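The following note sets out points for a colleague who is about to examine this structure. Please read each point with the sequence and the model at hand.

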Amino acid sequence: KVFAWLLATINTRLNGVVGGKTSTSGRADGGASGSSSSGSGGGGSSKEDPDVRLIGILDIFGFEIFDQNSLEQFLINYANESLQNLFNRQLFLAEQQEYVREKLPWTQVKYVGNEDIVATIEQKPTGILPMLDEECMLPQGSDTRLLGKMNTTHAASRVFLKSRTAGDTFQIKHFAGDVSYSIHGFLEKNKDLLYPDLEEMMLMCSNPFVNALFKKTMAPTGTLSRYTPTVGGQFRIGLNTLITELSETNTHFIRCVKPNPAKEVSEFDSKYVLEQMRCVGMLETVKVRKMGYSTRVTFPQFIERYKLVVAPLLTPAYEAKRVIEKLLTHISPAMSGLPGGGKANDSIPAWQLGVSKVFLRDKPIL
């Protein structure tokens, strides 16, 4: 409770003055270390004031796979699934949709998505988190009953697997690999409640700060009321809010890879690194980047930037696309060392003109 108060207070303080105007989108997000980690930064505008420009840095969770995994690891890995889904949408779908929208010749790159994994965890009413919250509201709710319901509901799922050995575990086929979770303690950790008598004592405290931290969270039966926020419920709401905010920014991703599992200096385990690359979809990422165009500029921006070079072609009735095409056709072989016609060694053009933008490969031609 004190941590939640501290976080809210920090966010309130961060809503200060930016560029002479009040910013209302400051936030603080915490992360936990895991087997691998990633980072993303986003830039955008405040929803309340489009003129306020914001830059944010998010240190996101790494997948956690231990010998014993419980609700803590389940929530951390759920966060990774959601952020991986955002990465997939922005990199693969958005990238390829851009080429289709600009009518460039393009062969769609297939990739393995994780939408079904996210849905299995969070989708109402059959997702694991909604089922967990529902079980917490029942007077006779228990971990064993919850696991039985999960096994029945997701019997045909390719994502959720019933344990064939231990009777108190289940397995999720995460994007980063299979993880077995022990159901023991799920309900208690999700409720995260104090003993009723201790909570009553806190409510009677004369200190205003302590008193304000505690509110009635239990129904007369000793179970959660339908309006009591659970750990999983709050986590899901906060994560979805974060994903929405990140979706509205221009994001840049940094993937951090561990060179070896022993954390030794100057030791590179190629198989271990390759497995991490596969888990986060880096192989598909590289494939899209090699086939695609990392630089794209609108026609007016291109003309403005190189107006001194194209000045002789800027007649009163000039057509931007034709002017740009003449310039690139003339200079791309000489400036980049590419074969005639401006094609790279993989036969993909070094540049293409879309409906409204110029697309350039990674190798500079200007």
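Helices and strands are named here as DSSP runs, counted from the N terminus; a helix (H or I) has at least four residues and a strand (E) at least two. The model under review is predicted.

1. Positive phi between β8 and α10. The loop between β8 (250-256) and α10 (270-279) holds lysine 263, and serine 266 is placed in the loop between β8 and α10 as well. Lysine 263 has a phi near 60°, a positive value in a residue other than glycine. Serine 266, also not a glycine, has a positive phi of about 60°. Most residues other than glycine have a negative phi. Lysine 263 has a relative accessible area of 69% and is therefore exposed; serine 266, at 79%, is exposed too.

2. A cis peptide bond. Lysine 124 and proline 125 are joined by a cis peptide bond, with omega at about 0°. Most peptide bonds are trans. Proline 125 is found in the loop between α3 (115-122) and α4 (128-136).

3. The setting of α4. Of the 9 residues of α4, 8 are buried, so this helix is largely enclosed by the rest of the structure. The buried residues in α4 include the nonpolar-patch-type side chains Ile128, Leu129, Met131 and Leu132. Asp133 and Glu135 are also buried in α4, as are Pro130 and Cys136.

4. Cysteines and disulfides. How many disulfides does the structure hold? The structure holds 0 disulfides. A disulfide is a covalent bond between the sulfur atoms of two cysteines. Cysteine 136 has a relative accessible area of 0% and is buried. Cysteine 256 has 39% relative accessibility and counts as partly exposed, because the cut-offs are under 20% for buried and over 50% for exposed.

5. A nonpolar patch at the surface. Val2, Trp5, Leu6, Ile10, Leu14 and Phe209 make a nonpolar surface patch of about 520 Å². Which element supplies the largest share of the nonpolar patch? Helix α1 (residues 2-14) does, with 5 residues. Valine 2 is one of the residues that lie in helix α1.

6. The sheet β5-β6-β7. These 3 strands form an open sheet in the order β5-β6-β7, and the pairing is antiparallel. The edge strands, each paired on one side only, are β5 (160-162) and β7 (177-182). On average, neighbouring strands of this sheet are turned by 25° against each other, direction ignored. Strand β6 (residues 169-174) runs antiparallel to β7, and 6 bridges join the two. Histidine 174 stands opposite glycine 177, which is in β7.

7. The sheet β9-β11-β10. A further open sheet has 3 strands in the order β9-β11-β10, with antiparallel pairing. Its edge strands are β9 (295-298) and β10 (351-353), and each pairs on one side only. Neighbouring strands here are turned by 15° against each other on average, direction ignored. The antiparallel pairing of β9 with strand β11 (residues 357-360) extends over 4 bridges. Arginine 296 has phenylalanine 359 in β11 as its bridge partner.

How values were computed:
Residues numbered from 1 in each chain as written. Predicted model: local features only at pLDDT ≥ 70, side-chain atom pairs only at ≥ 80, totals over all residues. Heavy atoms only, no water. Patch = residues over 30% accessible without salt bridge, like charges linked within 9 Å, V, L, I, M, F, W, Y side chains within 5 Å. Areas by Shrake-Rupley, 256 points an atom, 1.4 Å probe, with all protein chains shown as cover. Salt bridge = Lys/Arg side-chain N within 4 Å of Asp/Glu carboxyl O. Buried < 20%, exposed > 50% of the residue type's maximum accessible area, 1.4 Å probe, protein only. Disulfide = S-S within 2.5 Å. Pairing = 2+ DSSP bridges. Axes fitted to C-alpha atoms, helices over the stretch in contact; angles between N-to-C directions.
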